[in-house]
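Please look through the sequence and the model shown below, and keep both in view while reading the report that follows.

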Amino acid sequence: MKRFIPFMKSDPLVSVLRLQGVIAGTGRGGVLNDANTAQMIEKAFSRGKPAAVALIINSPGGSAAQSSLIAARIKRLSEEKEVPVHAFVEDVAASGGYWLACAAEKIWVDASSIVGSIGVISASFGLQDFIARFGIERRVHTAGKDKSMLDPFRAERAEDVERLKSIQTQIHDAFIAHVQSSRGDRLATDDDLFTGEFWVGETAVGLGLADGVAHLKPKMKELYGDKTRFAAYGPRRGLLQRVGVQIVDDLAGAVDARAAWARYGL
């Protein structure tokens, strides 16, 4: 009860934010984006005067823009409220998941956590031979010669690939700059650090991608005292999700999510 008594010092409070799932701009359930994490992030920094905010991250990545928006919100609030942020990686913080981790001042991993994949990927299918085999004619009319860039129903054009790689390079450069700004001189001078490769536990620590092997409660109590309190924050679920009803869009998105996790053996 002492935290309710005026002039009596309360035990330290750590706000805990769980960031789990694929990062995507769509509104389907089970994904992370700026819209559905904004409220819980704002609350984590403003309720109860926390001594620190801890991020529990378990994400194989996804949208670069959404990763950047979420991370920027966390960093902005950390600076405004003068509240340090620690990231704790569970199974994986890769690609956009690592972008989120770099919003923290310190990154802690499990010995088996997967970390890294600092790169940009785009994948699709070429179906022009398939439709030709079945006598299907593709009819596309555009105003603007590049409006149908990378159309999967026509043969790939070299200029389309060149344009895509230019876009990917710009996003990759922004990702690298974010990691370098966050990690600073802790990063190893390794040629493979930004190639999209990923690493496990102690190896990631050795490369400067993380600060050590540690788990949430023991590390926070080590830093803020044995009487540290924890307040958990998570995304709000809609009525249909709360009663266990699945929306069709969730089922469709599950295929993409499964592929994203599978890349890391999960």
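How many of the 8 residues of strand 1 (residues 13–20) are buried? In this predicted model, strand 1 is mostly covered, with 6 of its 8 residues counted as buried.

Strand 1 also has two pairing partners, which are set out in the table together with one pair of residues that stand opposite each other in each case.

| Partner of strand 1 | Sense and bridges | Residues opposite each other |
|---|---|---|
| Strand 10 (residues 229–233) | parallel, 5 bridges | Leucine 13 and arginine 229 |
| Strand 4 (residues 52–59) | parallel, 7 bridges | Valine 14 and alanine 52 |

A second place to look is phenylalanine 175, which belongs to helix 5 (residues 158–183). Phenylalanine 175 counts as buried because its relative accessibility is 2%, and buried means under 20%. Leaving aside residues up to four places away in sequence, phenylalanine 175 touches Ser95, Trp99, Ser117, Ile118 and Gly119. Phenylalanine 194 lies 19 residues from phenylalanine 175 in sequence, while their C-alpha atoms are 9.1 Å apart in space.

Confidence should be kept in mind as well, since the protein averages a pLDDT of 83, with 78% of the residues scoring at least 70. Among the elements of the protein, strand 6 (residues 106–109) has the highest mean pLDDT, 98, whereas helix 8 (residues 239–242) has the lowest, 46. Over residues 239–249 the pLDDT stays under 50, and the model has 6 contacts beyond four places in sequence for this stretch. Where pLDDT is low, predicted coordinates should not be read in detail.

How values were computed:
Residues numbered from 1 in each chain as written. Predicted model: local features only at pLDDT ≥ 70, side-chain atom pairs only at ≥ 80, totals over all residues. Heavy atoms only, no water. Helix = DSSP H or I, 4+ residues; strand = E, 2+ residues; numbered from the N terminus. Buried < 20%, exposed > 50% of the residue type's maximum accessible area, 1.4 Å probe, protein only. Contact = heavy atoms within 4.5 Å. Pairing = 2+ DSSP bridges. pLDDT = per-residue confidence, 0-100.
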